[in-house]
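Grab a pencil and work through the exercises below at your own pace. Try each task before you read its solution.

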Amino acid sequence: MHGPPEVPNEFWDHPTIAAACTDRDMGALISAYRHHPQHLSRVTQDRMAAWLGISQAQLSRYESGENQIDRLDRLRHFAQVLGVPGERLWFDRVVIPAQVGSPDTGPPDVLAAPWEATSIARSVEETARSDLAISRRAALAGAAAVTVGSALVEPLQRWLHPLQNLSKWSSHSAISEEELFALQRVADGLRGWGGRGGYGLARKAVLGQLDELAERLGRAPSGPTTERAFFIGAELSKVAASMSFDAGLHNAAQRYYVLAVRMAKAGHNDGFAALCLAAMARQMFDLGRPEDGLELVQLGQYGTRRTGTPTLKALLLTREAWAYAQMGKTREFHQAVGMAQDSFAQRDAGNEPRYLHSFDEAELEGVIGARCRDLAMHDPSQAVHAEQHIRRALELRDPSKVRNRAFDVIGLARTKMVAGDPEAACGLINEVLPTAAKLSSGRVLRKLEDFAKEAARHRHIPAVQDTRDAIRAIRTA
């Protein structure tokens, strides 16, 4: 009566519970728990609601899929109350550092390392070598153990201060223009791989190149070519972070985003550092921490308030709007979107840095549309704006941007679901499933999983259940 009973380990092996964990659906897990055949007496919704500290009506909406449980604090609380084993959780796993690094020390603490060029190079080298040495299983064990809150934001505020440079004197030669050209050519090729996502050979190639470059930078004297080489290292670190993020390795992704900010600072490229902070903010949004994401965006905005180009300012404003959309702040959202559009209209593509070329009009429309859809979860009237922007993005999107187009279509389908048109939503998903099956992108699969969760409340419709089954088949293939 006063709390869940003690249950044996095999309790959690029941197929319905295993399926709920696979689907990352806490509502379905709670329902499976209540209906488990091993209970000596029936667990009613009233009793379960009392255990969890919510109303019976709330619990009913969670179990039916009408309301999704996506707040991290609520997921943690429900899992703790029910005693869900750690290996069954799909979020917030706590790991010992030694599990994800070397047998003795684990990966270096990239947030605590000094903001000095030689230390930055050494930190990159140690991190890359540590990650190259560990197994995929060990990496996945630490995938969700990320740093959040002030422990993440406060150390990154150091990027606003001047950086102590490398010594002008070194027993080793300076990096030559020929070396720099070769490094840039390799980095450009690896960046192309990074756009495909994935965890395997491509990511190891990026880490291997990053390791070699960091070792060279640690021995190089200061100078213009060394600064440019640090910037190439920042690009490689961001590629490694994106690949890790795509594979669901949030811990590793965060490390490489931090290293990318630090290397960009050593390379005297504050614009690229702000871009990496925006990418870190996106990771926080993905983890359901909009407040942390907003602080990272504002840190990037403050650091480039005098030097940021119109495109960079527009990109950062869309990230700011992202935070407001997740918080359900409609007025602030539209204000940030309007400022982003105004800033983008002032851009001169010929004077924008190369690393911002991918943020074109199609990307702007796609991001605004997806964020309107996020806001529509709080305010359904925003769904019409989401559809307008996403359709415009699809009109403008280069056909070669296959993964981006997949994101657009999935976002449009999720918008249709919010608008109350599940059949049309499933039709769009069925169009994109063959493409999704060919892409080695964890992010695409996770977006499809999000759609499947949102469609759960319409599972009684045959077309919806067929689409959810098709998504599950792709995920488990």
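## Exercise 1: The chain as a whole

Buried residues account for 52% of the 477 residues in the chain, which is a predicted model.

**Task.** Find out which secondary-structure elements the chain has, and how its contacts and surface are made up.

**Solution.**
- Step 1: Count the elements. The chain has 22 helices and zero strands.
- Step 2: Look at the contacts with a separation of 6 or more. Residues 24 or more positions apart make up 70% of them.
- Step 3: Turn to the outside. The accessible surface of the chain is about 21400 Å², and carbon and sulfur atoms hold 50% of that area.

## Exercise 2: Helices H12 and H13

**Task.** Work out whether H12 and H13 are roughly parallel or antiparallel to each other.

**Solution.**
- Step 1: Recall what you need. Two packed helices are described by the angle between their axes and the distance between the axes.
- Step 2: Read off both values. Helix H12 (residues 250–266) packs on helix H13 (residues 270–286) with axes 8 Å apart, at an angle of about 165°.
- Step 3: Apply the cut-off. Angles over 145 degrees count as roughly antiparallel, so H12 and H13 are roughly antiparallel to each other.
- Step 4: Add the handedness. H12 passes H13 in a left-handed crossing.
- Step 5: See who takes part. Among the H12 residues in the contact are Tyr-257, Val-258 and Val-261, while the H13 side includes Phe-272, Leu-277 and Met-280. Sorted by class, the residues of this contact are 13 nonpolar, three polar and four charged.

## Exercise 3: Helices H17 and H19

**Task.** Do the same for H17 and H19: which direction do they take relative to each other, and which residues meet?

**Solution.**
- Step 1: Take the geometry. The axes of helix H17 (residues 361–376) and helix H19 (residues 402–418) come within 10 Å and cross at roughly 30°.
- Step 2: Compare with the cut-off. Angles under 35 degrees count as roughly parallel, and H17 and H19 are therefore roughly parallel to each other.
- Step 3: Check the handedness. The crossing of H17 past H19 is left-handed.
- Step 4: List the partners. From H17 come Glu-363, Gly-366, Arg-373 and Ala-376; they meet Asn-404, Asp-408, Gly-411, Arg-414, Thr-415 and Val-418 of H19. By class, this contact holds two nonpolar, four polar and four charged residues.

## Exercise 4: Three single residues

**Task.** For His-36, Glu-227 and Leu-287, decide whether each is buried, partly exposed or exposed.

**Solution.**
- Step 1: Note the cut-offs. Buried means under 20% relative accessible area, exposed means over 50%, and partly exposed lies in between.
- Step 2: Start with His-36, in the loop between helix H2 (26–34) and helix H3 (45–52). His-36 has a relative accessible area of 5%, so it is buried. Beyond its neighbours within four places in sequence, His-36 is in contact with Phe-11, His-14 and Ile-17.
- Step 3: Move to Glu-227 in helix H11 (residues 224–246). Its relative accessible area is 31%, so Glu-227 is partly exposed. Leaving aside neighbours within four places in sequence, Glu-227 is in contact with Ala-266, Gly-267 and His-268. Glu-227 and Gly-267 are 40 residues apart in sequence, yet 4.3 Å apart in space, C-alpha to C-alpha.
- Step 4: Finish with Leu-287, in the loop between H13 and helix H14 (290–303). With a relative accessible area of 22%, Leu-287 is partly exposed. Leu-287 and His-250 are 37 residues apart in sequence and 9.0 Å apart in space, C-alpha to C-alpha.

How values were computed. Residues numbered from 1 in each chain as written. Predicted model: local features only at pLDDT ≥ 70, side-chain atom pairs only at ≥ 80, totals over all residues. Heavy atoms only, no water. Axes fitted to C-alpha atoms, helices over the stretch in contact; angles between N-to-C directions. Helix = DSSP H or I, 4+ residues; strand = E, 2+ residues; numbered from the N terminus. Parallel < 35°, antiparallel > 145°, perpendicular 65-115°, else oblique. Left-handed = near helix turned anticlockwise from the far one by under 90°. Contact = heavy atoms within 4.5 Å. Nonpolar A, V, L, I, M, F, W, Y, C, P; charged D, E, K, R; others polar. Buried < 20%, exposed > 50% of the residue type's maximum accessible area, 1.4 Å probe, protein only. Areas by Shrake-Rupley, 256 points an atom, 1.4 Å probe, with all protein chains shown as cover.
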